[in-house]
Amino acid sequence: MASNVDKLSKFNSAINHYAEAQRAKILEDIEAYKEKELKETEATAKLESDRLIIKEVAAERSNIVREMSHKELNARRELLEKRQKIADEVFERAKKVLVEFSNRPEYEQTLERFAEGFGKTFTRPGTVIYMKAGDEKYQTQIEKAFGQACTFKVDAKIEIGGIRAENVAMRLAADNTLDSILEDQRGWFEENSGMAVV
């Protein structure tokens with residue numbers, strides 16, 4: 001009987017030993033699984049945080065580029081406005097100088113020179129010469145320099161002076177007003193003033 005008890009005890013001991021070994025293996029597998037899951041979770045978390053950082057950096061970079069572009073556009077607009085203001089002031093002063101010139105004796109000679117030039121181009125009857133209000137006193141000298149009969153009209157658009165000619169029959173018009181001559185200088189001024197906005 002002792003041998004059965006011994007056998008039973010050994011069997012129990014073997015079962016306990018096997019159960020303990022299985023328990024240890026299961027605990028080891030659980031630990032390995034937890035470690036594996038933890039590493040995968042850490043890797044996923046790192047990957048997601050890296051993506052989030054990259055996304056945030058890209059968004060911030062985009063905001064900075066947008067802000068810099070906006071600032072550059074504002075600075076360019078301000079510069080263009082200043083340039084336009086300076087150009088307007090320069091042309092306003094030039095206009096005043098030309099208005100003063102239109103009150104001097106040399107102005108009559110300028111009108112005669114313009115009319116003489118028109119006379120070489122407008123060779124058929126029916127030419128109308130436009131002038132500013134107040135320049136009617138020069139009609140006789142202009143017609144003489146023009147070299148043929150013409151009609152005169154006051155044009156309210158001519159503020160500074162000079163003359164403009166038109167012949168409908170010839171389908172021809174020419175403008176030697178000081179207003180248009182001054183305005184034509186704007187392009188030259190923008191190119192040569194050194195105030196280009198790059």
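Helix H4 lies across strands E3 and E4, running at about 80° to E4; helices (H or I, at least four residues) and strands (E, at least two) are DSSP runs numbered from the N terminus, and angles run from 0 to 180 degrees between N-to-C directions of axes fitted to C-alpha atoms, for helices over the stretch in contact. The model is predicted, with local features needing pLDDT of at least 70 and side-chain atom pairs pLDDT 80 or more, while totals for chains, interfaces and linings use all residues. Residues are numbered from 1 along each chain as its sequence is written, and side-chain values use heavy atoms, without hydrogens and water.

The open sheet has four strands in the order E2-E1-E3-E4, with mixed pairing (strands pair if DSSP finds at least two bridges between them). E2 (151-154) and E4 (172-177) are the edge strands, each with a single partner, so one side of each lacks a neighbour in the sheet. E1 and E2 pair in the parallel sense over four bridges, and Ile129 stands opposite Phe152 in E2. Helix H3 packs on this sheet, touching E1, E2 and E3.

What, then, has the most contacts inside the largest nonpolar core? In this core of 22 residues, they are Ile129, Ile142, Phe146 and Ile163. Such a core joins buried Ala, Val, Leu, Ile, Met, Phe, Trp, Tyr and Cys residues through side-chain atoms within 4.5 Å, where buried means under 20% relative accessible area (1.4 Å probe, protein chains only). Helix H2 gives the largest share, five residues. Buried residues of H2 include Leu111, Phe114, Ala115 and Phe118, and Ile163 is in contact with each of these four (heavy atoms within 4.5 Å).

Methods
Buried < 20%, exposed > 50% of the residue type's maximum accessible area, 1.4 Å probe, protein only. Lists of a residue's contacts leave out its neighbours within four places in sequence.
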